[in-house]
Amino acid sequence: MKFRFFCAIIFIHFALVAMGTPRSVFKSLPIDTLYARGFVYMQENKYDEATLCFHYCSEKSLKSNDNTDLRTAAKAQRMKAQILFYKFFDFDRASEILASAKQICEHNHFYDIMPSILLEEAGFYTTYAIQNPSKENFSIGEKSYQKAFDLAIKQKDFRTMASAFSNMVNRFYGEHRYKEMQKLLNKFGKQYHPNDTNSNIIFANALYRGFSKVVKNDNISARKCFKEALTRKRLNPRYRFELNVAIVRTFIAENKIDSAVKYELQLLDLSRAHQLKD
């Protein structure tokens with residue numbers, strides 16, 4: 001059944017490409033096809049088309065009283081908001097659409113997908129606050145990370161929990177908020193999954209082990225934890241970058257500037273190779 005659906009998506013994809021994909025074609029597609037097509041267009045960097053797919057998917061889904069369709073509406077709105085913010089830099093529209101997705105989840109008690117929407121919201125507000133300095137937006141972002149973390153634990157959504165933890169613990173460390181950092185480490189430790197092979201969780205586990213040493217002023221052991229994680233093949237470039245940042249910070253804490261500079265150069269190489277920014 002899944003294979004047939006996949007084949008249908010591929011057939012529709014090439015048909016849409018050949019036809020130039022007018023809006024009327026998108027409007028005629030079923031909900032599941034629109035949702036799947038949105039991701040295909042994202043992989044192809046066709047963000048206008050992806051936005052339309054998620055828009056019409058949400059629009060059609062909201063006309064239904066079926067819970068499955070309403071869940072799809074919330075997820076489609078999240079994806080549309082993500083594109084609007086990260087690809088078209090439209091914070092106002094993106095945050096408005098994401099607020100609608102949250103409302104759908106709250107009204108219909110879709111608590112299992114709420115953590116990922118809160119995580120998205122946190123990313124929007126903290127990124128926007130960095131680009132347009134605002135204590136209020138930073139505060140909203142941090143609260144959303146905390147809500148995402150707590151709800152993800154309840155829902156056993158360990159990937160979202162790991163992502164929220166990683167963002168918060170890095171911020172607490174960078175701002176020398178060690179008491180809050182210790183509380184967060186304690187919470188994460190109770191949910192620790194040391195053998196998980198998901199990239200988000202590998203990264204979060206490395207931060208947990210390393211920062212648990214940092215709060216005890218054991219920077220040497222912390223670096224060992226960070227370096228061990230860097231040997232993992234499944235770790236993506238952004239996480240490698242962040243782990244090197246953590247190593248640099250431990251050297252600076254010990255006033256070992258020469259060693260810090262060595263890793264700063266590695267950060268530059270990673271940044272250039274993968275177009276990353278700290």
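The points below describe a predicted model for a reader who is meeting this structure for the first time.

1. Overall make-up. The protein is built from 14 helices and has zero strands, so that the pattern read along the sequence is α-α-α-α-α-α-α-α-α-α-α-α-α-α. Of the 278 residues in the protein, 47% are buried.

2. Aromatic pairs, with one between two helices. A search over the whole structure returns 18 aromatic pairs. One of them joins Tyr-173 and Phe-211, whose ring centres are 4.8 Å apart and whose planes stand at 50°, so this pair counts as tilted. Because Tyr-173 belongs to helix α9 (residues 158-174) and Phe-211 to helix α11 (residues 199-214), the pair ties together parts that are 38 residues apart in sequence. Both Tyr-173 and Phe-211 are buried.

3. A pair between a loop and a helix. The rings of Tyr-192 and Tyr-208 have centres 4.9 Å apart and planes at 45°, so this pair is tilted too. Tyr-192 is found in the loop between α10 (178-189) and α11, while Tyr-208 is in helix α11, and the pair therefore ties together parts that are 16 residues apart in sequence. Tyr-192 has a relative accessibility of 26%, and because buried means under 20% and exposed means over 50%, Tyr-192 counts as partly exposed.

4. An aromatic cluster, and charges over rings. Phe-85, Tyr-86, Phe-91, Phe-124, Tyr-125 and Tyr-128 together form one aromatic cluster. Elsewhere in the sequence, arginine side chains are placed over aromatic faces: Arg-37 lies over the face of Tyr-41, at 4.0 Å from the ring centre, and Arg-71 lies over the face of Phe-110, at 5.3 Å from the ring centre.

5. The enclosed space. The structure holds one cavity of 30 Å³ or more, and the volume of the largest cavity is about 40 Å³. Its lining consists of Pro-194, Asp-196, Ile-202, Asn-205, Arg-209 and Arg-232. By residue class, the lining of this largest cavity divides into two nonpolar, one polar and three charged residues.

6. The second largest pocket. This pocket contains about 190 Å³ of space, and the residues that line it are Tyr-173, Gly-174, His-176, Tyr-178, Val-214, Val-215, Asn-217, Asn-219, Arg-249, Ile-252 and Ala-253. The elements that contribute two or more residues to this lining are α9 and α13, and α13 gives the most, with three residues. The lining of the second largest pocket is made up of six nonpolar, four polar and one charged residue. Tyr-173 therefore appears in two of these points, since it lines this pocket and also pairs with Phe-211 in a tilted arrangement.

7. A buried threonine in α13. Thr-250 lies in helix α13 (residues 237-253), the element that gives the most residues to the lining of the second largest pocket. With a relative accessible area of 0%, Thr-250 is buried, because the cut-off for burial is under 20%. What lies 2.6 Å from a polar atom of the side chain of Thr-250? The backbone oxygen of Ile-247 is found at that distance.

Methods
Residues numbered from 1 in each chain as written. Predicted model: local features only at pLDDT ≥ 70, side-chain atom pairs only at ≥ 80, totals over all residues. Heavy atoms only, no water. Phe/Tyr/Trp six-rings, centres within 6.5 Å; stacked < 30°, edge-to-face > 60°. Helix = DSSP H or I, 4+ residues; strand = E, 2+ residues; numbered from the N terminus. Buried < 20%, exposed > 50% of the residue type's maximum accessible area, 1.4 Å probe, protein only. Lys NZ or Arg CZ within 6 Å of the ring centre and 35° of its normal. 1 Å grid on protein atoms, 1.4 Å probe; cavity = no way out; pocket = protein on both sides within 12 Å on 5 of 7 lines; lining within 4 Å. Points joined across faces, edges and corners; volume = space filled by probe spheres on them. Nonpolar A, V, L, I, M, F, W, Y, C, P; charged D, E, K, R; others polar. Polar contact = N/O pair within 3.5 Å; in protein donor to acceptor, adjacent residues only side chain to side chain.
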